Amino acid sequence: MSRRSLTAGELVRNAILLVLALLSLFPVYFSLVNSLKSPVQYAENLLNLPATLHPENYVLAWEQIKGPLFNSVIVTLSSVLATVIFAALSAYALALIDFPGRRLLFGLIFALLLVPDFLTLIPLYVQIKSLTLPSNYLAIILPTVAAGQPFAILVLYAAFRAMPRDMLEAARLDGAGHWALLRSIVLPLSLPILVSVSIIRLVPVWNDFLLPSLVLDEVHRTVPVALVGFQGGGAATGSTPNYGALMASYVLSALPLVVLFLFLMRSYVQGVTSGGVKA
Amino acid sequence: MTTSSQGDLPSPVVSPVLRAPQRPLRRLREGWPAYLFVLPSVVLMAYFSYVPAYTAITRAFTDWDGLNVPTFTGLENFQRALTDPVMGQAALNAGIWVVLGLLLAVIPPLLIAELIFNLRGERRQYAWRSLFVVPIVVPSLVLLLMWGTFFRSDGLINTVLSSVGLGAWRHDWLSDPSTALYSLIFLGFPYVDVFFLLLLYSGLQNIGTEVFEAGKIDGATGWRRVLYLDLPLLKPQLGLIVLLSIIGNVQYFISPLVLTSGGPGYATTVPALLMYNTATRNGEYGYAMAIAVLLMLVVIVLTGASRLIGRERS
């Protein structure tokens, strides 16, 4: 780290960072203050704190967003959980078991990283529409788990390969099977990376819009799909929505990630900074 | 030592590297649980990734309508895509988007990573870094829709313009063909991609003190250090960002889909949106798949090109 910096230079850097951070956080401020305004207050001023608060916007917004929020939590949690469990199983086999076809399988998984999402979007939609699934949630959970496999497997593969071999060998000699080895040694030891993979994968799953908008029905739709619905078909349309309630629904839709990042921010940052570039 | 005490458990094979190659039959027996372990992933990937990819590529050569058995039409779809003037307009839009998007993906995160990295004190750096991660809690669709309201004629941008005396610049940003595309591209100020920022910051951290010390002796301080030391040493990270940004922007179409429907006219139509609308609105799935395959080829070519350029520079 450089120690040459003058106090003036340090001051300028902090000042620029402060301005940029505030600008980055501006959408949070904008939605918070405007979520408490009546339509008249919104039309008068977009940036001030309202003199009289209108918390009833939140009642209105909650009525509309609670269903989608519930759906999003279900879909996201089960998708991420299943992604990490299946990926851990595969990564264990690829990293620590010698079996014919290992290389081929590795190649097939790696190749999927090169298949862009837009190529499979429409065929996937047609394919899922023709399936009879026990629950509409599965229409988005299953493809989401599949889409998360290559990334999760590759990260976990690298982590499992880096585990202390002698400990694993010793456990094997003591008669531990693969399942026991995975459960009692490999998974506990790699808990931090499992958490990192989960939270890194969770963000895009939570934000996913295209496939959910195609395969989920009205009752099962997730937050992004529902929010687009509230807007009433894009900003180009003439109708003016109830901005206060709209902004309140934006605030509510961010809450689950706020709670999550309160606890897991460190895991996210460490995950991205440690596993980013391998090449 | 190869026979385990419990009968049905496979013998110990832990490290394929440390062991001598074995006869196939024995390897199979010892490794058989591997097939059970990979089964869920393999089934899911086969059905939800490989099958749709195969469908996309093969149906691009047919008149598939999403329901009936398609008939082979050869290169007809591709011919149509390459001669369609709308496709030309869409490709131009995507080209502009990719170029400008590249600048937005690299410059703001790089600037902030450098600013944070040059601060004194680990803890202060950590605090700033965390602060810039906070906006990730805002769902990306919310950001998009909120900017949609900023662009309206009664929205924030016009209000701000009026209040600073630039009322003449007021606009219905998304309805004017000359501003709609640029409005969508420049949506999201100040364009701090959290992932890219963390990538660059950790790249700077990995450079190592002795390199900077050595650079200092050679007079590489301040801007000169950034130019002659940081940028060359950040090449792997920058290369990845360039790649991800290009690939991401070639196929991106959520903001035109949600905010402008590709309009006004075709001002904000990009090939990926054309592909989506061709299938979901017009039911011309075969033609849509041809556009998707062409787009994939573009992605592959651009990926290869950026790798080649990256290699030549080193």
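**Exercise 1. Find the salt bridge between A:E10 and B:R124, then follow its network.**

Solution.
- Step 1. In this predicted model, the side chains of A:E10 and B:R124 form a salt bridge, with N to O at 3.0 Å. That is within the 4 Å cut-off.
- Step 2. Place the bridge in its setting. The count between chain A and chain B is one salt bridge.
- Step 3. Look for further partners of A:E10. Its side chain also meets that of A:R13 in a salt bridge, at 3.6 Å, N to O.
- Step 4. Locate this second pair. A:E10 and A:R13 both belong to helix α1 (residues 7–34) of chain A. They are three residues apart, about one turn of the helix.
- Step 5. Join the pieces. A:E10, A:R13 and B:R124 are linked in a network of salt bridges.
- Step 6. Check accessibility. A:E10 has a relative accessible area of 6% and is buried. A:R13, at 14%, is buried too.

**Exercise 2. Describe the contact between chain A and chain B: how many residues does each chain give, and what is the area buried?**

Solution.
- Step 1. Count residues. Chain A contributes 110 residues to the contact, and chain B contributes 109 residues.
- Step 2. Take the area. The size of an interface is often given as the accessible area lost when the parts come together. Between chain A and chain B, about 9800 Å² is buried.
- Step 3. Split it by atom type. Carbon and sulfur atoms give 73% of that area.

**Exercise 3. Which salt bridges does B:R225 form with B:E114 and B:D230, and are these residues buried or exposed?**

Solution.
- Step 1. Start with B:E114. Its side chain and that of B:R225 meet in a salt bridge at 3.3 Å, N to O.
- Step 2. Place both ends. B:R225 lies in helix α10 (residues 222–233) of chain B, and B:E114 in helix α3 (residues 85–117) of chain B. The pair links distant parts of the chain, 111 residues apart.
- Step 3. Add B:D230. It forms a salt bridge with B:R225, the closest N and O atoms being 2.6 Å apart.
- Step 4. Apply the cut-off: buried means under 20% relative accessible area. B:R225 is at 4%, so it counts as buried. B:E114 is at 8%, so it is buried. B:D230 is at 0%, so it is buried as well.
- Step 5. Set this against the total. Over all chains, the count comes to eight salt bridges.

**Exercise 4. Classify the aromatic pairs A:Y42 with A:Y243 and B:W128 with B:F132.**

Solution.
- Step 1. Take A:Y42 and A:Y243. Their centres are 4.3 Å apart and their planes are at 15°. Planes under 30 degrees apart count as stacked, so this pair is stacked.
- Step 2. Locate it. A:Y42 is in helix α2 (residues 39–44) of chain A, and A:Y243 in helix α12 (residues 243–275) of chain A. The pair therefore ties together parts 201 residues apart in sequence. Both A:Y42 and A:Y243 are buried.
- Step 3. Take B:W128 and B:F132. The centres lie 6.5 Å apart with planes at 35°, so the pair is tilted.
- Step 4. Locate this pair. B:W128 and B:F132 are four residues apart in helix α4 (residues 122–133) of chain B, about one helical turn. Both are buried.

**Exercise 5. Where do the buried residues of helix α2 (residues 76–83) of chain B lie?**

Solution.
- Step 1. List them. B:N77, B:F78 and B:A81 are buried in this helix.
- Step 2. Look down the axis of α2(B). The buried residues fall within an arc of 95°, so they line one face of the helix.
- Step 3. Turn to the other side of α2(B). There, B:Q79 and B:T83 are exposed.

Methods: Residues numbered from 1 in each chain as written. Chains lettered and ligands numbered in written order. Predicted model: local features only at pLDDT ≥ 70, side-chain atom pairs only at ≥ 80, totals over all residues. Heavy atoms only, no water. Phe/Tyr/Trp six-rings, centres within 6.5 Å; stacked < 30°, edge-to-face > 60°. Helix = DSSP H or I, 4+ residues; strand = E, 2+ residues; numbered from the N terminus. Buried < 20%, exposed > 50% of the residue type's maximum accessible area, 1.4 Å probe, protein only. Arc of directions from axis to C-beta. Contact = heavy atoms within 4.5 Å. Buried area = accessible area lost by both parts, 1.4 Å probe.
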